Structure formats: C-alpha cells, structure tokens
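Subject: Structure handover

Hello,

Here is the structure you are taking over. Please open it first, then read my notes below.

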Amino acid sequence: MNLYHNKLAQWAAYGVFFAIIAAVPLFVSDSFLLNQLGTYGVYGLLALSISLCWGFGGILNLGQGIAFGLAAYGMAMTMQMQTQDPESNPIPPFMLNNSLEQLPALWEPFWSTGLGITLALVVPTLFYVIFGNLMFRARVSGPFFAIMSLAMLSALFTIILDMQPYTNGANGITPPQPLTILGTPLDPYGPATYWLVCGLLIALTVGAKLLTQSKFGLLVQAVRGDAERVRFLGYNVAAYETAIYALSGFIAAVAGCCWVILVQYVSPAQLDVSFSVTMVIWAGIGGRLSLLGSMLGAFIIQGGQSYLGDALLSTWLLGLGAFFIIVVRFLPKGLAGLLEMGLGALSSGRRPKQLEPADRANAMAGE
Amino acid sequence: MGSLDLNSLINALVLGLSIASIWLLAAIGLTIIYGVVGVINMAHGEFIMLGAYSSYLLQSYFGLPFLLCIPASFVVVAAIGLVIERGLIRYLYNRPLDTLLATWGVSIVLMQAVRLIFGSDPKYLAVPALFSSNLQIGFINLSVFRIVVMAVTALVVAGTWFLFYRTRFGMQVRAVTQNKEMAASFGINASRVYMLTFALGAGLAGVAGSLFGVLNIVLPTMGTAYVVQAFLVVVTGGGTLLGSVFAGGLTGELQSIFAAVTNDTFARFLLFLLIVVFLWFRPQGLFAPRSVRR
C-alpha cells in the first residue's frame, strides 16, 4: 500500500510539521524575524482554508480575501478602539481628518474587545453563509462560482476604498498599540504572539484533517466528484457546499485577525484580487488535495518571494506564473501529488498489482 | 446625490450607452471564447493590455496611423492567442477549472513579461485631433472618441454576427458548439475550429485594447480593470452573442443611472448585488442555449 495514503504516516507527517513550527521561537532570537515567521502562520491558515474549500469541496474560491479582509478590518477596529477613551477622546484621528464629528454606529460595538473580536469572526462567516447559500442554491458552481466570488471581492474592495471616513480609504487603519487581552498587551514581536498564531494553526489543521476523514468530509468530497449523483442520492448538496465554504471562510477570518495582531495594520490591499489569487496558487503548487501540502506551498512561495523576490520581483513573478502553468498542465495535484507518485512507485515495486483498486479506494477516503 | 431631472436622465442614458459599448467590446472576445470553446479565459484582460501595447509599439516605432493600429492589434493579439491555444489551452479542454487556473498563470506571465520589456511607467496613444474633441448636441456632451468606440463596437458585433450566422466557418462553429462529437463525425475539424475561435476572441480583445489605450493610460496592469466587468457581462448574458449584447447594454445603462443618483463606486456595488440576485433567479443567464450535459 502507498505510504502516502497511510493514515498513521499522514498523522506522523503532521506531527513532525507541528513540532517544527512550534519549536521555532526556541531557535530564533531575532524578534523581527520571529514576527515575519508569524505572518507565515497566517499564510498557512489561508492555504489551509483554500485547500479545504477547493481541494476537498471542489469549490474554487477566488475571493478568499473577503473573509480575510473583513476580519482584519474588524480586528483593526477593535485594536483602534482600545486606544480611544469614551470621555476625552472617543473618535479615531483619521475620522477627525475626514470631518466626522461623531463615532459612526458601525464602530460602536468595537468599544468592547470581546464583542469586537467576536464580530470580526462572525460577520465574515455569516457573509459566507449567506453568499454561499444564494449561489449554491441557484446551483452556480465550478468556474461561475469562482468568477462570482472574484467579482464580490472586487465589489467589496471598491466599497471599502470608497468609504473613506469610515475605513480611512486607501491608507487603511493603523492601530497605534498592540492588542491588549485581559489587561496584558500582546507584543507582536514576542514569542507569545507567535505561539498564539502557531497554536491556532495547529488546532485548526487538526480539526480540518479530522473533518476530512469524517462522514461529512467524505460527502463533501463526493460532491466534488459528482454533485449530481450526490443530489440523486437524496443529499442536500447546497447545504454541504455552503457548510464547507463557510468553514473555510471562518479559517480565513481567524487568519485575518492574526494578521492584524502581527502587523498592526490593515488596508484594502488585504482585499486585493491578486492576493486572493496568490492563495490559490499556494494551494495549487503545494497540492490542493493535501492540507499539509497547501501549507508548505504557501511557506515555500512566500519564503521565495521575500528572500529572492525583493531584488527581482518581476522576474520572480514571471517564474512563478510559468511554474504555475506547468503545475496545472502536468501536475494537477501539485507537489504533494509528486510525492504521492513517488511513494506509489516505491510501494508498487514490492506489492502485487491486485491491490491497486484498494489503493484507489483509500485514496478517495483519505487524501 | 439626489433628484434626477429629465435632462440629466437623458445625459445618463447617453453616457450609459457609451459605458455599455466599452463593456461589450471588452466582453465580446470573452463571450466567443467561452460560448464556443468553453474556456474561462482569465488572461482576457491581458489580451486587452497586449492590444494596447502593440498599438503603442506600432505607433511609436513604425509610425503607423492610429486607425491602422486597430486592425494591426487584432492580428498581433490573435497570433499570440493562437500560440497560447496550441501550446497550452488545447490540452485542458476537458478540465474547465484548470483552464481557468492555467489562464491565470498566463495572465501573470504576460503581465510580468510586458513589465520587464516596457517598464511600469505609463504609455500614451496618440489619436487624430478630431477624435480628442468634444461633441455638443443640445445639452448632451460626449467626446468624439467615445462615439468612435461605439461605432467600432457596433462594427465588431455586426462582423461577428455575420461570421457566425452567414458563413461556412460560422456554421461549423455552431455545429461544434452544439455537439462536438457529432460535428466531428460529419468531417468538421473541431480542433481547428477551437483554435481559430480562440484566436478570433483574442484578436477582438486586441481591438478593444487599442481603443481602451486611448480612453485610459497604457499600463501592464490595465487589463485587470476590464476583466471582472467583462465576465459579469458574459455571465449575465449566458455566454451567447445576443446575450452579451443585451447584458452589456443593460448593465451599462444601469451603471450610468445609478452613478447619476449616487456615485461611481457605489453604483458598481449596487449593480453587482443586482447581478447576484438576478443569477439567483436565472443562473443560466439571459439568453442561454439549452444546456447539454456532456
């Protein structure tokens, strides 16, 4: 049997991955570098959410920036309001510059940190539930859903850019101080924040992995295979699609919150179309059918971008685009698929050929 | 903001016609490629951009007059489209989601290649002095160039219609669209039809680009502004020529009217919400051919 489809081996790989990312602060003393590695955790979360939605659900989502950006704005608003005082200084400075004399009602709930963070997570998820429900009930699927999610993203991008007095337009929101939780400030350059992001990444990855192995996960993959057949078997396909889509939106929302905690900044750039497409490229190159592969894809590509790309950004992007075309053309399962083939070739040398159908069944049940 | 009297309504309707012609011109190549070949071409915006750059190149290095740049851009971008279809797209015909991704890759490569060759600074296309003047009829004020765009759009739509419904090649295209296997068994070379249709769609994007390069500045990123709008027209129209003409006209007019009442950005947002609701009632679009499950 192909080692790649062995559940124990898969969990072992995840365990090694978790151990490595959790141990990072023990070896990295440069706080700037640690902060940057923390943002990679955010990219990992985003890749995880894309893999869940596109790899397992078969829903290509080119608008993941919706959840990421909305949550990031929610978190930034919460952090901004922590530095305001209800009596002496109730209005953020950029609003005064835009000649607002009163705090907009939209901002009122963010006085409370708990409520603010809850909203930052609930609003994007709810948005995905409503938008997904509308689309999937109308049986908009495949490429059309991709286009609609892309169009929704660009619509939100323009509206946030346009609402200058409420969102500070293109300048974005820069909360002056780090997030304070239960009286203690969370230093974005310290190991505690890194471990927070890392812990969320590990917890959500384990949850997502368990989900893909559950009955729900199997059904979602069946919908990916042939939605029509699943519908004829009596399942509510739209409900399953909405559920996996909203779940991936929730993970992206968590990523958005972590992002602002780490960088203390949000702007419409987080809702830029090219960033959302980059997420899809991570998962595509890493291997969308593998949660771990997608995350590693994000690390490799973002790492390459920041270490090679700074000097020669256009050449880097040119190479990335070309490589992406090659992956789509020859390796639809990404680099993880390459590993699967490699391990498969190893095991088929030792095993009789009759076991192949079982392998394929396993492949469908697991990754 | 506020009230809309008769004069400004007529003004908005005329402006809407101009917006509609621009969106339709951007969408028509996409409609053909999607409707016939079934490929979601995310590189369409970059084809438009290439059209603008080829016009710029021909104009500033070979001194070609602007009106000749338009058909020349058609030829250049159609040739590029042909190469991309033969080299990549034809291997992906039975994987619609993958064509979408592969063409995204193509769009990145094209955009970066142009940036490496021409740099990121804006380029400008020169037009005859007549085109840059304004036309005043009563209280309606419209630049001559926008009327040129409308005329070219009408010409392109009429030409495409003629090609598809009045020629032998058009009959082959429609036969392949309806049933590829059946058409192939009657001796039509489906692969050749796909290739030529893709090149034609790319070429039409080139025509659009040479005109949009005058409306806006020429930049490597200029295509992205048009591609989402073009897709909305195609999706709303259902992927047919007639559908795109109606969808383009309708969305252009609505955008213009909404913009007259509120502002440009909010109008776009409102229009998008309307399209989402519309698709909820009619997912197949305005004029969709009866769907065949393949």
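A residue counts as buried when its relative accessible area is under 20%, as exposed when that area is over 50%, and as partly exposed in between. By that cut-off B:Tyr194 is buried, because its relative accessibility is 6%. Please keep in mind that this is a predicted model.

**Aromatic pairs**

B:Tyr194 is a good place to start. Its partner is B:Tyr93, and the two rings form an edge-to-face pair. Their centres are 4.9 Å apart, with 65° between the planes. The pair links distant parts of the chain. B:Tyr93 is in the loop between α3 (66–87) and α4 (96–118) of chain B. B:Tyr194 is in helix α8 (residues 190–215) of chain B. The two are 101 residues apart. B:Tyr93 counts as partly exposed, at 23% relative accessibility.

How many aromatic pairs does a search of the whole structure find? The total over all chains is 31. One of them joins A:Phe136 and A:Phe145. Here the ring centres are 4.8 Å apart and the planes are at 25°, so this pair is stacked. A:Phe136 is buried, with a relative accessible area of 3%. A:Phe145 is buried too, at 1% relative accessibility.

Chain A also holds a cluster linked by ring pairs. Its members are A:Trp11, A:Tyr14, A:Phe17, A:Phe18, A:Tyr40, A:Tyr43, A:Phe68, A:Trp259, A:Phe275, A:Trp282 and A:Phe299.

One more ring deserves a look. The charged end of A:Arg329 sits over the ring of B:Tyr91. The distance to the ring centre is 3.8 Å. This contact joins a residue of chain A to a residue of chain B.

**Salt bridges**

Side chains of opposite charge can pair when their charged atoms come close. The search finds six salt bridges over all chains. Three follow, with the distance between the closest N and O atoms in each.

- A:Arg229 with A:Asp226: 3.5 Å. A:Arg229 is exposed, at 61% relative accessibility. A:Asp226 is partly exposed, at 21%.
- A:Arg231 with A:Glu228: 2.8 Å. Both residues lie in helix α10 (residues 227–232) of chain A. They are three residues apart, about one turn of the helix. A:Glu228 is partly exposed, with a relative accessible area of 27%.
- B:Arg95 with B:Asp98: 2.8 Å. B:Arg95 is partly exposed, at 24% relative accessibility. B:Asp98 counts as buried, at 10%.

**Cysteines**

How many disulfides does the structure hold? The count over all chains is zero. A:Cys198 is in no disulfide, and the nearest cysteine sulfur, that of A:Cys258, is 11 Å away. A:Cys258 is in no disulfide either. For A:Cys258, the nearest cysteine sulfur belongs to A:Cys257, at 6.8 Å. A:Cys198 is buried, at 5% relative accessibility. A:Cys258 is buried as well, at 2%.

**Backbone**

Most residues other than glycine have a negative phi. Two residues in chain A have a positive value instead.

A:Asn168 has a phi near 65°. It is found in the loop between α7 (164–167) and β1 (180–181) of chain A. A:Asn168 is buried, with a relative accessible area of 11%.

A:Gln264 has a phi near 50°. It is found in the loop between α11 (237–263) and α12 (273–286) of chain A. A:Gln264 is also buried, with a relative accessible area of 16%.

**From the record**

For chain B, an unreviewed UniProt entry lists residues 12–40, 60–84, 96–118, 138–164, 193–219, 225–250 and 257–281 under "transmembrane region". I can add model values for two of these spans.

- Residues 193–219 of chain B: 85% helix and 0% strand, with the end C-alpha atoms 32 Å apart.
- Residues 225–250 of chain B: 88% helix and 0% strand, with the end C-alpha atoms 19 Å apart.

Over to you.

Best wishes

Terms used
Residues numbered from 1 in each chain as written. Chains lettered and ligands numbered in written order. Predicted model: local features only at pLDDT ≥ 70, side-chain atom pairs only at ≥ 80, totals over all residues. Heavy atoms only, no water. Disulfide = S-S within 2.5 Å. Buried < 20%, exposed > 50% of the residue type's maximum accessible area, 1.4 Å probe, protein only. UniProt positions renumbered as here; feature names shortened; annotations may be inferred. Helix = DSSP H or I, 4+ residues; strand = E, 2+ residues; numbered from the N terminus. Phe/Tyr/Trp six-rings, centres within 6.5 Å; stacked < 30°, edge-to-face > 60°. Lys NZ or Arg CZ within 6 Å of the ring centre and 35° of its normal. Salt bridge = Lys/Arg side-chain N within 4 Å of Asp/Glu carboxyl O.
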